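Work through the exercises below with the sequence and the 3D structure at hand. Each task is followed by a solution in steps.

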Amino acid sequence: MGDQDLPGVLVSHLEGPYGICEDHAEDLKRHFNLITMQDFLENKAQLGPKIQAVYIWGGRPAVSQELLHSLPSLKIVASAGAGLDHLDLGLVASFGVKVANTPHAVSSPTADLGMALLLAAARRVVEGHQLAVSPHTENFPTDYMGQQVTGATLGIIGMGNIGYKIAQRARAFEMKIVYHNRKCRKLEEEEAVGAIYCERLDDLLQQSDFVMLAVSLTPQTQGLIGKRELRLMKPTAILINIGRGLLVDQDALVEALQTGLIKAAALDVTYPEPLPRDHPLLGLKNVTLTPHIGSATHQARRQIMENLVESILASLSGLPVPNEVQLK
């Protein structure tokens, strides 16, 4: 079967920093005729009717009303990862198009990174590395101290797949776990990790030594952590964000870190990404930053691709779509 006989799938690019994983291209081409945004824009009339799915990787391509109008045969938008804040779900639903994502493929690696950031910030790993390799270091100071993780209280905001896996990992560190969520987990799930539900976010913030953001970005959660919330946290507390940058008022966070309102922050996400090179967060010693790599393992990225392929093929065959997002 030639490429032209395969279902058309729209992708952002096939290579480069905004393209799909190059390791995945050959696997995808076995199932689909991959059409890049550039090729589509140069020949909308011919290619538009052939596209039956949009394959979103790294938030691209953007799905706009104009694009949806240009794709009369579109059946599904398949988006890598768990977050859906880059999609207008109501708009997509209004065109009768399904949406699928890959929440399970990203949950373990993102939870791993959340714990890595917690540990790195607590024990000042980045600062310690810089001290250890500096050509100016003549001795190691005996008063180089971090925060103890074992026995500390971890507050998890957002107890979905990722939040719960973080709790499982934190339990191995003998941490006391409290969490805030739209609703309680089942009693047996709470007991399995020793988690205590906090109905009020304020209660979680006031008692936590570490605050982990693992919640989705929605209009309700944007700016969830601002000046008021940072003031409620302990001065020894560390904020970790593996959700989305816009969950946090970044200006308020900078001020809190500069004035000692909280001890430190570890962020896999910011806004924008990357930050401008003169942004104050980049110059603070009590900040650990990673480049939005929650799901960035070879194993997870391959699982994401395979999940997306499975969802697209199911949709095109009229079968139940794995990981379909309920739009109503």
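The model is predicted.

**Exercise 1. Aromatic pairs**

Find how many aromatic pairs there are, and classify each by its geometry.

Solution.
- Step 1. The count comes to two aromatic pairs.
- Step 2. Tyr 55 and Trp 57 make up one of them, with ring centres 6.0 Å apart and planes at 5°. Planes under 30 degrees apart count as stacked, so this pair is stacked.
- Step 3. Tyr 55 and Trp 57 are both buried.
- Step 4. Tyr 179 and Tyr 197 also form a pair, 5.2 Å from centre to centre with 55° between the planes. That angle is neither under 30 degrees nor over 60, so the pair is tilted.
- Step 5. Tyr 179 belongs to strand β7 (residues 176–180) and Tyr 197 to strand β8 (residues 195–197), so the pair ties together parts 18 residues apart in sequence.
- Step 6. Tyr 179 has 0% relative accessibility and is buried, whereas Tyr 197, with a relative accessible area of 24%, is partly exposed.

**Exercise 2. A charge and a ring**

Determine over which ring the charged end of Arg 124 sits.

Solution.
- Step 1. The ring is that of Tyr 144.
- Step 2. The charged end of Arg 124 is 4.2 Å from the centre of this ring.

**Exercise 3. Cysteines**

State the number of disulfides, then explain why Cys 198 has no bond to its closest cysteine sulfur.

Solution.
- Step 1. The count is zero disulfides.
- Step 2. The closest cysteine sulfur to that of Cys 198 is in Cys 184, at 10 Å. A disulfide needs the sulfur atoms within 2.5 Å, so this distance is too far for a bond.
- Step 3. Cys 198 is buried at a relative accessible area of 7%, while Cys 21 is partly exposed at 22% relative accessibility.

**Exercise 4. Salt bridges**

Give the number of salt bridges and describe some of them.

Solution.
- Step 1. There are 15 salt bridges by count.
- Step 2. One of them joins Arg 185 to Glu 189, with the closest N and O atoms 3.0 Å apart. Glu 189 is partly exposed, at a relative accessible area of 23%.
- Step 3. Arg 200 and Asp 202 form a salt bridge through their side chains, at 3.5 Å from N to O. Here Asp 202 is buried at 14% relative accessibility, and Arg 200 is partly exposed with a relative accessible area of 46%.
- Step 4. Arg 200 and Asp 202 are also in a network of salt bridges that links them with Asp 203, Arg 228 and Glu 229.
- Step 5. Lys 227 meets Glu 255 in a salt bridge of 3.9 Å, N to O. Lys 227 lies in helix α11 (residues 227–232) and Glu 255 in helix α12 (residues 250–259), so this pair ties together parts that are 28 residues apart in sequence.
- Step 6. Lys 227 is partly exposed with a relative accessible area of 44%, and Glu 255 is partly exposed with 39%.

**Exercise 5. Nonpolar cores**

Identify which residues of the largest nonpolar core touch the most other members, and which helix gives the largest share of it.

Solution.
- Step 1. The largest core has 52 residues, and those touching the most other members are Tyr 55, Leu 118, Leu 154, Ile 166, Phe 210 and Ile 240.
- Step 2. Helix α6 (residues 103–122) supplies the largest share of this core, nine residues.
- Step 3. Beyond its neighbours within four places in sequence, Phe 210 contacts several residues, including Leu 118, Ala 122, Leu 154, Met 175 and Ile 240.
- Step 4. Another core, of 30 residues, lies apart from the largest one; Leu 230, Leu 239, Leu 253 and Val 287 are among its members.

**Exercise 6. Backbone geometry**

Most residues other than glycine have a negative phi, and most peptide bonds are trans. Examine the backbone at Pro 61, Pro 274, Glu 174 and Asn 323.

Solution.
- Step 1. The peptide bond from Arg 60 to Pro 61 is cis, with omega near 0°. Pro 61 is in the loop between β3 (51–56) and α4 (65–69).
- Step 2. Glu 273 and Pro 274 are joined by a cis peptide bond with omega about -5°. The loop between β11 (264–267) and β12 (287–289) holds Pro 274.
- Step 3. Glu 174, not a glycine, has a positive phi of about 60°. Glu 174 lies in the loop between α8 (161–172) and β7 and is exposed, with a relative accessible area of 60%.
- Step 4. Asn 323 has a positive phi, near 60°. Asn 323 is in the segment after α13 (298–316) and is partly exposed at 22% relative accessibility.

Definitions and conventions:
Residues numbered from 1 in each chain as written. Predicted model: local features only at pLDDT ≥ 70, side-chain atom pairs only at ≥ 80, totals over all residues. Heavy atoms only, no water. Phe/Tyr/Trp six-rings, centres within 6.5 Å; stacked < 30°, edge-to-face > 60°. Buried < 20%, exposed > 50% of the residue type's maximum accessible area, 1.4 Å probe, protein only. Helix = DSSP H or I, 4+ residues; strand = E, 2+ residues; numbered from the N terminus. Lys NZ or Arg CZ within 6 Å of the ring centre and 35° of its normal. Salt bridge = Lys/Arg side-chain N within 4 Å of Asp/Glu carboxyl O. Core = buried A, V, L, I, M, F, W, Y, C linked by side-chain atoms within 4.5 Å. Contact = heavy atoms within 4.5 Å.
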